[in-house]
Amino acid sequence: MRFDLKRSLFLSLAALGFIAAAGTVNAQNASAKTYAHVVSNEKMAMAPQNRNVNFTGTNALYTKAGTLKGARVVASKATLSSIANSNVSTNNVRAYRIAVTNRGSIYYKVVTFNGQYRGWIYGGKDDSDFAGGITHYTTFNNQSLSSLTTAQQNATYKIANPGTANDGKTVTYKSPAWTQYKVGRAITDSTPYANSVFKIDQVGTRTRENDQWVHIYDVNNANSPANGWILMSGLATTQAPIADNAIQINLVDPTNNSNVVKSVTITRSGAQKGTNFGYYSNGSWTMSQSDISSIQNQIRAALNGTSYGLDSLSTAQIAQIAQTNFGSSTNLVVNKIANIADNAVRINLVKPDGTTLKYTDWVKSGANKGSNVGFQPSGNTLWSLYSGD
């Protein structure tokens, strides 16, 4: 009896242990069923530029597919939403792997261009297009050359401040900076190309910054290593050679003398290079009245349609032009003109030397652009103002 009891107890305990073990296995199996598993994980075959994406902010970024066991959050939905609305191109995002779980869910492995965030994000159920936590994103918007002015299209340029700075304005890039993943500079030092002359053949803006980039090429070397993308603000226009019997007057912005608004060229038959355009008389430099009138007319015509003006030359400006040598140029400061309202007329108060002292805009309610301020009485050759005016 004692032997059988021991044996039965042993068997009972053994059976109980078996049941417990089986319960553990079943519990593990039941637990495992709550997690998905990956059935495929492949490198994306799409062209790199077609894999630029942006976060939607609807899903977080994980160390692995979010439904896999052990997946941890790399970046929250709020963080990704902030990146999505960033105005800095270093926050652009590239997708490079695609995984599918046994539940048919698609996950993409992505990385921000600056490398700060890398991980897996839900991408919907259909691999024909990005969905879920990411969407296709255009990092750069190409534009027609016609978006530049005719002068900009025809101009030649130099890099304004040659050097090694990686600031978008000093060296050239294979693509506009941070618009393609791991596509960097064309050159790292523009000093050797300080005297190279370039033209523009492409233009566009970065999506996040909305800054203007242009693709330039060396007019004397089609295979120059410096050919590439640069910020428009990093270029300076070059001056075309000036004829020996001509002077060039560069009309410049009053707040930035390096900003040439327009240029006019004055030619004189038989003039010799290096001689003065005008002459010195009675202790001051001047020029003939016919030259003054001709230059003023050319300046007015050149500035027509711009937001600048120079209706008459001051005594100082006349002296400046008069001293200019044939075969060279001079910079002449022009006036910045505020827009005139359609129902207003601008009255300029001019000093005796021809420079504008001040101006005032007189506004008439209900007046139409192009209509006369006053009227011409019947049978009268003179114009009049209305008494109230």
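**Reading a predicted model, one feature at a time**

Me: I can see that strand 2 and strand 8 (residues 134-136) run antiparallel and are joined by three bridges. Which residue in strand 8 is the bridge partner of Asn54?

Reply: Asn54 has Thr135 as its bridge partner in strand 8. Keep in mind as we go that this is a predicted model. Strand 2 also pairs with strand 5 (residues 93-101), again in the antiparallel sense, over two bridges. There, Asn52 has Arg94 as its bridge partner.

Me: Which way do the residues of strand 2 point, and are they buried or exposed?

Reply: Asn52 and Asn54 point one way, while Val53 and Phe55 point the other way. All four are buried.

Me: Let me step back for a moment. How many helices and strands are there in the protein?

Reply: The protein has five helices and 23 strands. Of its 389 residues, 34% count as buried. Now look at contacts with a separation of 6 or more: residues 24 or more positions apart account for 56% of them. The outside is worth a look too: the protein exposes about 22,400 Å², and carbon and sulfur atoms supply 50% of that.

Me: Now a helix, please. Which residues of helix 5 are buried?

Reply: Start with the general idea. An α-helix has 3.6 residues a turn, so residues three or four places apart point the same way. In helix 5 (residues 315-322), the buried residues are Gln317, Ile318, Ala319, Ile321 and Ala322. They pack against helix 4 (289-303) and four strands: strand 15 (246-253), strand 17 (279-281), strand 18 (284-286) and strand 20 (329-333).

Me: Why does Val264 count as buried?

Reply: The cut-off for buried is under 20% relative accessible area. Val264 counts as buried because its relative accessibility is 6%. Val264 sits in strand 16. Leaving aside neighbours within four places in sequence, its contacts are Ile247, Gln248, Ile249, Gln298, Ile299 and Ala302. You can also compare positions along the chain with positions in space: Val264 and Ile295 are 31 residues apart along the chain, and their C-alpha atoms are separated by 8.5 Å.

Me: Why does Tyr217 count as partly exposed?

Reply: Partly exposed is the class between under 20% and over 50%. Tyr217 has 30% relative accessibility, so it falls in that class. Tyr217 belongs to strand 12 (residues 212-218). Its contacts beyond four places in sequence include Val197, Phe198 and Asn227.

Me: Ser89 lies in the loop between helix 2 (77-84) and strand 5. Is Ser89 buried or exposed?

Reply: Ser89 is buried, because its relative accessible area is 1%. Its side chain makes a polar contact of 2.6 Å with the side chain of Glu209. Besides Glu209, Ser89 touches Phe113, Ala177, Trp178, Arg206 and Arg208, once neighbours within four places are set aside.

Me: Asn59 is in a loop too, between strand 2 (52-55) and strand 3 (61-62). Which backbone nitrogen does its side chain reach?

Reply: The side chain of Asn59 reaches the backbone nitrogen of Gly133, at 3.3 Å. A second polar contact, of 2.9 Å, joins the side chains of Asn59 and Thr58. Among the residues in contact with Asn59 beyond four places in sequence are Lys77, Leu80 and Tyr122.

Me: What is the phi of Asn210?

Reply: The general idea is this: most residues other than glycine have a negative phi. Asn210 has a positive phi of about 60° although it is not a glycine. Asn210 lies in the loop between strand 11 (198-206) and strand 12, and it is exposed, with a relative accessible area of 59%. Asn282 also has a positive phi, near 55°. Asn282 lies in the loop between strand 17 and strand 18 and counts as exposed at 80% relative accessibility.

Me: Last one. Which residues lie nearest the centre of the largest pocket?

Reply: Nearest the centre are Ala155, Thr237, Asn259, Val260 and Val261, from a lining of 27 residues. The pocket holds about 1,000 Å³ of space. Strand 16 gives the largest share of the lining, seven residues. Helix 3 (150-154), strand 14 (235-237), strand 15 and strand 16 (256-267) each supply at least two.

Terms used. Residues numbered from 1 in each chain as written. Predicted model: local features only at pLDDT ≥ 70, side-chain atom pairs only at ≥ 80, totals over all residues. Heavy atoms only, no water. Buried < 20%, exposed > 50% of the residue type's maximum accessible area, 1.4 Å probe, protein only. Contact = heavy atoms within 4.5 Å. Areas by Shrake-Rupley, 256 points an atom, 1.4 Å probe, with all protein chains shown as cover. Polar contact = N/O pair within 3.5 Å; in protein donor to acceptor, adjacent residues only side chain to side chain. Pairing = 2+ DSSP bridges. 1 Å grid on protein atoms, 1.4 Å probe; cavity = no way out; pocket = protein on both sides within 12 Å on 5 of 7 lines; lining within 4 Å. Points joined across faces, edges and corners; volume = space filled by probe spheres on them.
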